[in-house]
Amino acid sequence: TKATSLNSFSVVLSPLLPSPLLKGLCVYEREGGREMSNTTTATAATAPYEVDECRGVLRVYSDGSIVRSSNPSFNVPVHDDGSVVWKDMLFDTVHNLQLRLYKPASPTSTKLPIFYYIHGGGFCIGSRTWPNCQNYCFRLASELQAIVISPDYRLAPENRLPVAIEDGFMAMKWLLAQAVFEEPDAWLTDLADFSRVFISGDSAGGNIAHNLAVRLGVGSAELTPVRVRGYVLLAPFFGGTVLTRSEAEGPKEAFLNWELIDRFWRLSIPVGDTTDHPLVNPFGPFSPSLEAVDLDPILVVVGGCDLLKDRAEDYVKRLKEWGKKIEYAEFEGKQHGFFSVDDHSNSQAANELMLIVKRFITENSG
């Protein structure tokens, strides 16, 4: 793989897609001091062309090359008023993955719960550094009075599933290392209550949170002394080969429409697989049953106009029938990302959601 810089874009040459045979490829010979060709000159029609585009920041071309913009999809102001302090830390040296830590500048308690916020983006785009992600983390740290951890993970199509799930687990292992380290980082450990950890994720991040819940199981024993107390799935990104009604009938003008959902899945699922992959569809024909799996408490949140609504509702219904402790909060008339997209991040619904999350943390901290 080779990367070069192109203004605010990076170009990655990677054999992700089959390269078509380029007709009109030139083969040059020297004859009488001038260049000759035994074929016609390649035309514009044979040049690489765009086959996929995601929110203006990711473009995939017919020859397998990828162009990523260094600019965020949501280029909004960062609302850093100093009430929350933050810093970045490397949590995976092999893959150069970082996470961003946030904490209240003037905490109201001597020990604070830890709240992971895993960003969304269909497994293909997004970053802990995007302004909308930062702004939501500022708010989470301040209003929940929590230490917020926002990890990055490797993105598709360069890194298809299950890579993002593995990176999410590595972010949890990093926290374990901090909890047992002989010379810990006081910035984190002086305030952190490692026995009160909550893992949340937005969209694709919600999918990662679900898969971590299944992997870690009730009590998160393999992370001891870190103790996960619950999971918050914010419009979790699940899929399946059989469309739900909300997917099939969702409006094209939706913030997350079916065309974009389908594109994200095509670019992120393992090559040759379908959206019935167990990491994508928890209840697909190849997915292990969750009936016998003991899980920590889960809160699922979705907007009433989100195309992912039916899958979220079905997820809650099935797990509840199997006796899991799970809650469901649906916000009527709201679309995907209503709580973190900047125009709506201070709406009544977003404010109500913050209170629901705060209550969930309080009720499950014992």
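## Exercises on a predicted model

The largest nonpolar core has 104 residues, and Phe-115, Tyr-116, Trp-174, Leu-175, Ile-199 and Tyr-315 are the ones with the most contacts inside it. Keep in mind that this is a predicted model.

**Exercise 1.** Take Trp-174 and find what it is in contact with, leaving aside neighbours within four places in sequence.

*Solution.* Start from the core, where Trp-174 is among the residues with the most contacts. Now list its partners: Met-89, Leu-90, Phe-91, Leu-99, Leu-101, Tyr-116, Ile-149 and Leu-188. One of these, Tyr-116, is also on the list of residues with the most contacts in the core.

**Exercise 2.** Work out which way helix 8 (residues 348-363) turns its buried residues.

*Solution.* First check the geometry: the 16 residues of helix 8 reach 23 Å from first C-alpha to last, close to the 22 Å expected at 1.5 Å a residue. Next, pick out residues under 20% relative accessible area. That gives Ala-349, Ala-350, Leu-353, Met-354, Ile-356, Val-357, Phe-360 and Ile-361. Looking down the axis of helix 8, these fall within an arc of 165°, so they line one face. On the face turned away from them sit the exposed residues Gln-348, Leu-355 and Thr-362. Finally, ask what covers the buried side: the cover includes helix 1, strand 10 (112-118), strand 12, strand 13 (228-234), strand 14 (298-303) and strand 15 (326-331).

**Exercise 3.** Locate the residue that UniProt lists as "active site", and decide whether Ser-203 is buried or exposed.

*Solution.* The unreviewed UniProt entry gives Ser-203. Place it on the chain: Ser-203 lies in the loop between strand 12 (192-202) and helix 4 (204-216). Then compare with the cut-off: buried means under 20%, and Ser-203 has a relative accessible area of 5%, so it is buried. Beyond its neighbours within four places in sequence, Ser-203 is in contact with Gly-120, Leu-234, Ala-235, Pro-236, Phe-237, Leu-308 and His-336.

**Exercise 4.** Trace how strand 6 (residues 58-61) pairs with strand 5 and with strand 7.

*Solution.* Go through the strand 5 side, then the strand 7 side.

- Strand 5 (residues 50-54) runs antiparallel to strand 6, joined by 4 bridges. Glu-50 stands opposite Tyr-61. The hairpin has 3 residues between the strands, and Arg-55 in the turn has a positive phi of about 50°.
- Strand 7 (residues 65-69) pairs with strand 6 in the antiparallel sense over 3 bridges. Here the bridge partner of Val-60 is Ile-66. This hairpin has 3 residues between the strands, with Gly-64 at a positive phi near 90°.

How values were computed:
Residues are numbered from 1 along each chain as its sequence is written. This is a predicted model: local features need pLDDT of at least 70, side-chain atom pairs count only at pLDDT 80 or more; totals for chains, interfaces and linings use all residues. Side-chain values use heavy atoms; hydrogens and water are left out. UniProt positions are given in the numbering used here, feature names are shortened, and annotations may be inferred rather than shown by experiment. Helices (H or I, at least four residues) and strands (E, at least two) are DSSP runs, numbered from the N terminus. Buried means under 20% relative accessible area, exposed over 50%, partly exposed in between (1.4 Å probe, protein chains only). Contact means heavy atoms within 4.5 Å. The expected span of a helix is 1.5 Å times one less than its number of residues. The arc is that of the directions from the helix axis to the C-beta atoms. A nonpolar core is a set of buried Ala, Val, Leu, Ile, Met, Phe, Trp, Tyr and Cys residues joined through side-chain atoms within 4.5 Å. Two strands pair if DSSP finds at least two bridges between them.
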